[in-house]
Amino acid sequence: MATWTDDKITQYHEYAKTYIESYSQRIDCADLALATLIDFAGLHALPVRLKYYSGGWKWKQFDPARDNSVAFKGEVQTMMGALNVIDNTASVNIDTAKAGDLIMSKWSNSLGHTRIIHSVTRVESTGQYQVVWYQGNLPPVVPERKEDIFSAIASVYGNSPRRWKFGQFNQ
Amino acid sequence: LGNSINRLFILAFIAFPQMMACRNVSEVSQATAPSPSIATTDKASTDCVNEALGKGVLARVDEKQKRYFVIQKSATVDTLRPMIKKIEPCLPKDWADQWALSVFTTKELAGYQDETGIVPFHKNDRWAKGYLAEYDGKKKEVTFSPAIKPRIVSIK
């Protein structure tokens with residue numbers, strides 16, 4: 001079985017950029033992030049393990065040798081939201097953030113928001129970071145392009161972007 | 001000249017506030033832009049929907065996403081099916097089989113979850129509880145309680 005190597009992770013970042021800007025259906029914010037990840041994994045026969053809480057921590061696993069990625073994507077999109085995305089990602093610094101990394105918000109104990117980074121550019125004159133992202137929403141929307149200085153984006157969870165915990169997918 | 005231009009801009013903003021708001025939402029791409037009220041270039045369609053649904057039901061139109069936001073005390077298949085039938089003849093030509101209907105309990109909740117005007121309502125999940133249903137005109141499906149416990153029903 002293939003594993004998530006540095007090369008595959010680099011390919012994911014490149015893939016995400018094109019995926020989010022060309023996605024043409026209405027979609028919820030977390031679902032777009034999950035679709036980007038799982039469609040890439042399906043394309044490259046890579047495993048995915050996502051943890052969720054249901055009376056204790058449990059795992060939802062995609063084994064490319066055994067599972068259908070489209071069916072897995074549908075199941076995960078139905079059962080997981082932005083707060084689950086937070087649980088399966090780790091903080092990264094804004095100066096290392098790449099396409100496919102996420103900017104999360106946690107509105108309440110049941111609702112959050114997911115933005116998928118398209119590009120990050122350092123503004124030389126200010127030292128700040130200009131971020132372009134795409135997002136689904138609730139009510140669902142055809143992904144919309146947004147742009148702002150990172151520090152001006154409201155309610156960023158942990159005050160930093162997040163990246164999928166690729167290491168946990170190989171376990 | 002500068003003053004004249006400024007005055008012209010202010011006049012334009014007063015005269016066409018909805019148009020300006022609509023363009024801002026579409027092009028300035030601020031995730032936190034305030035919720036626009038009803039804004040449409042196809043006034044005839046909006047008038048038609050308003051007339052079909054009655055006063056105070058249509059809260060907002062999102063032209064870009066082809067979505068009507070409406071206000072209802074409750075939402076069931078039996079209440080939504082006739083509402084959809086009333087709206088369909090009013091749809092702009094390019095909305096057919098692409099449009100969406102979002103049902104909320106009050107006008108103040110009728111918006112997208114990340115909008116500045118909506119975020120305060122996430123306290124105690126007031127927005128999520130007030131988001132009663134979502135109709136997808138392409139799939140002909142209604143999702144009840146989309147933000148809490150989604151339940152999908154086909155209404156073909």
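## An enclosed strand, a six-stranded sheet and a buried arginine

Strand E4 of chain A, residues 102–106, is largely enclosed by the rest of the structure, because four of its five residues are buried. This strand belongs to a predicted model, and its surroundings make a good starting point. E4(A) runs antiparallel to strand E5 of chain A, residues 112–123, and five bridges join the two. Within this pairing, A:Ser105 has A:His113 of E5(A) as its bridge partner. The connection from E4(A) to E5(A) is a hairpin of five residues.

Stepping back to chain A as a whole, its secondary structure consists of five helices and eight strands. Starting at the N terminus, the order of elements is α-α-β-β-α-α-β-β-β-β-β-β-α. The C-alpha atoms occupy a box of roughly 50 × 35 × 30 Å along the principal axes. The radius of gyration of chain A, 15 Å, agrees with that of a compact globule, since a globule of 171 residues would have a value near 16 Å. Of these 171 residues, 53% are buried. The accessible surface amounts to about 7,400 Å², with carbon and sulfur atoms accounting for 46%. When contacts in chain A between residues at least 6 apart in sequence are considered, 58% link residues at least 24 apart.

Two residues of chain A show what such numbers look like in detail. A:Ala2 sits in the segment before helix H1 (6–22) of chain A. Although 44 residues separate A:Ala2 from A:Leu46 in sequence, their C-alpha atoms are 5.5 Å apart in space. Apart from neighbours within four places in sequence, A:Ala2 contacts A:His44, A:Ala45, A:Leu46 and A:Pro47. A:Ala2 is nevertheless partly exposed, as its relative accessible area is 30%. A:Lys73, in turn, is part of helix H3 of chain A, residues 69–79. Is A:Lys73 buried or exposed? With a relative accessibility of 17%, A:Lys73 counts as buried, because the cut-off for that label is under 20%. Its contacts, again leaving out neighbours within four places in sequence, are A:Tyr19, A:Ala35, A:Ile38 and A:Asp39.

Chain B comes next. Five helices and six strands are found in this chain, and along the sequence they follow the pattern α-α-α-β-β-α-β-α-β-β-β. Chain B has 156 residues, 42% of which count as buried. About 8,800 Å² of chain B is exposed, and carbon and sulfur atoms supply 57% of that area. Among contacts in chain B between residues at least 6 apart in sequence, 50% connect residues at least 24 apart.

How are the strands of chain B ordered in the open sheet? The six strands lie in the order E1-E2-E3-E4-E5-E6, and their pairing is mixed. Strand E1 (58–62) and strand E6 (151–154) of chain B form the edges, each pairing on one side only. On average, neighbouring strands of the sheet are turned by 20° against each other, direction ignored. Inside the sheet, strand E3 (residues 100–104) and strand E4 (residues 131–136) of chain B pair in the antiparallel sense through five bridges. Here B:Leu101 is found opposite B:Tyr135 of E4(B).

Two helices pack on this sheet. Helix H3 of chain B, residues 43–53, touches E1 and strand E2 (67–71) of chain B, and the direction of the helix makes about 150° with that of E1(B). Helix H4 of chain B, residues 77–87, touches E2, E3, E4, strand E5 (141–144) and E6 of chain B, with its direction at about 135° to that of E3(B).

One residue of the sheet brings the two chains together in this account. B:Arg67 lies in strand E2 of chain B. With 0% relative accessibility, B:Arg67 counts as buried. What does the side chain of B:Arg67 reach at 2.6 Å? The partner is the backbone oxygen of A:Pro140. The side chain of B:Arg67 also makes a polar contact of 2.8 Å with the side chain of B:Ser102. Not counting residues up to four places away in sequence, B:Arg67 touches residues of chain A, including A:Arg26, A:Pro139, A:Pro140 and A:Val141. Its contacts in chain B include B:Arg60, B:Val61, B:Asp62, B:Trp95, B:Tyr112 and B:Glu134.

Conventions: Residues are numbered from 1 along each chain as its sequence is written. Chains are lettered from A and ligands numbered from 1 in the order in which they are written. This is a predicted model: local features need pLDDT of at least 70, side-chain atom pairs count only at pLDDT 80 or more; totals for chains, interfaces and linings use all residues. Side-chain values use heavy atoms; hydrogens and water are left out. Two strands pair if DSSP finds at least two bridges between them. Axes are lines fitted to C-alpha atoms, for helices over the stretch in contact, and angles run from 0 to 180 degrees between N-to-C directions. Contact means heavy atoms within 4.5 Å. Buried means under 20% relative accessible area, exposed over 50%, partly exposed in between (1.4 Å probe, protein chains only). Accessible areas come from the Shrake-Rupley method with a 1.4 Å probe; for residues, only the protein chains shown count as cover. A polar contact is a pair of N or O atoms within 3.5 Å; within protein, one must be able to donate a hydrogen and the other to accept it, and residues adjacent in sequence count only if both atoms are side-chain atoms. The radius of gyration is taken over C-alpha atoms; the globule rule is 2.2 Å times the number of residues to the power 0.38.
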